[in-house]
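Q: Please take a close look at the second largest pocket, and then at the open sheet of five strands. Which residues line the pocket, and what is the order of the strands?

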Amino acid sequence: MVFSTLQTSFFTLIVCTLLVSSSCSFGAREPAALVEDAPLSMTYHKGALLTGRISVNLIWYGKFTPAQRAILTDFVSSLTSSAKSEPSVATWFKTTEKYYSHSKARFPSLALGKQILDDSYSLGKSLTDVHIQKLASRGAPSNAVNVVLTADDVAVEGFCMSRCAYHGFSPRSKVGRFAYIWVGNSVTQCPGQCAWPFHQPLYGPQSPPLVAPNGDVGLDGMAINLASMVESVVTNPFQNGFYQGPKEAPLEAATACTGKYAKGAYPGYAGDLLVDPSTSASYNANGVNGRKYLVPAIFDPATSSCTTLV
């Protein structure tokens, strides 16, 4: 989540951010009643940021139904398209623009690009990070974020054990380079870790799970983690942008605020979310085509705090 994150003794969702190395970024939030949040700040390391028109290309690996694919394609479209009502995914994403005021780059325009379907599992059902980068290379070679989305029966190196998603980038070439993201469907492997709060947590207080806004625990969990990784890849695409901590294990715009989705959040509780009266689903952002999503808090560089939409 992004999160586009795993658990400690008191449940905390952690989206692992992987750049070039295989090191992971873990963000753990201690119980609010016991430990005060440590002060945070994001340092700009003077590296290149995404700018201009950026295509977000989706590589679907494994079997996804058209309805499942629509959940995430609508999310990508929602990043820059206005929803019919607020709070919206577009408003949430616009917070990221504050980071760009500290650089010479202009804030990028993200647009849904091409989609590639690989439902024949061309690389098998057990993938390494090398496989993920190979799949990502099927997207655009430059001015792109290529997103690899793996189905619920695909095992990925480190999945569930240390991460739910990660981002990285390709080597330089004559045509440039691209950033990429991987997100896995955790519904059959570790939903308590990577699809919380739409599934009971593996550890910690066992409160009832929330109703997923699009009716699919796995895909709604993927939307959370994709959101987190989009924030990270826009603010730290090439491992030298905005982050706190060591380069090999950075805290980034969304991973610095893991497990927090609305005001009143604490470990094991996502916060005081909005509830759709017709479905009882919990959400905090409206998207295109009447969609609703749960997006993570973003570290706001203007206030040096984690900011939520609701």
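A: Lining the second largest pocket are Trp196, Pro197, Ser207, Pro208, Pro209, Leu210, Gly268, Tyr269, Ala270, Gly271, Leu273 and Ser282 (on a 1 Å grid, an open set of points for a 1.4 Å probe, with protein on both sides within 12 Å along at least five of seven lines; lining means an atom within 4 Å of a point). This is a predicted model, in which local features need pLDDT of at least 70 and side-chain atom pairs pLDDT 80 or more, whereas totals for chains, interfaces and linings use all residues. Residues are numbered from 1 along each chain, and side-chain values use heavy atoms, without hydrogens or water. The lining divides into eight nonpolar residues, four polar ones and no charged ones, with Gly counted as polar, and the pocket has a volume of about 170 Å³, the space filled by probe spheres on its points.

Turning to the sheet, its five strands (DSSP runs of at least two residues) follow the order E3-E2-E5-E8-E7 with mixed pairing, and the sheet is open. Strand E3 (109–118) and strand E7 (165–169) each have a single partner strand (pairing takes at least two bridges), so one side of each edge strand is left without a neighbour in the sheet. Neighbouring strands are turned by 20° against each other on average, direction ignored. Strand E2 (residues 53–61) runs parallel to E3 and is joined to E3 by eight bridges, with Ile54 having Leu110 as its bridge partner in E3.

Helix H1 (residues 66–78; helices have at least four residues) lies across E2, E3 and strand E5 (144–150), running at about 165° to E2 (between N-to-C directions of axes fitted to C-alpha atoms, from 0 to 180 degrees). Helix H4 (residues 129–136) also packs on the sheet, touching E2, E3, E5, E7 and strand E8 (179–184) (heavy atoms within 4.5 Å), and its direction makes about 125° with that of E5.
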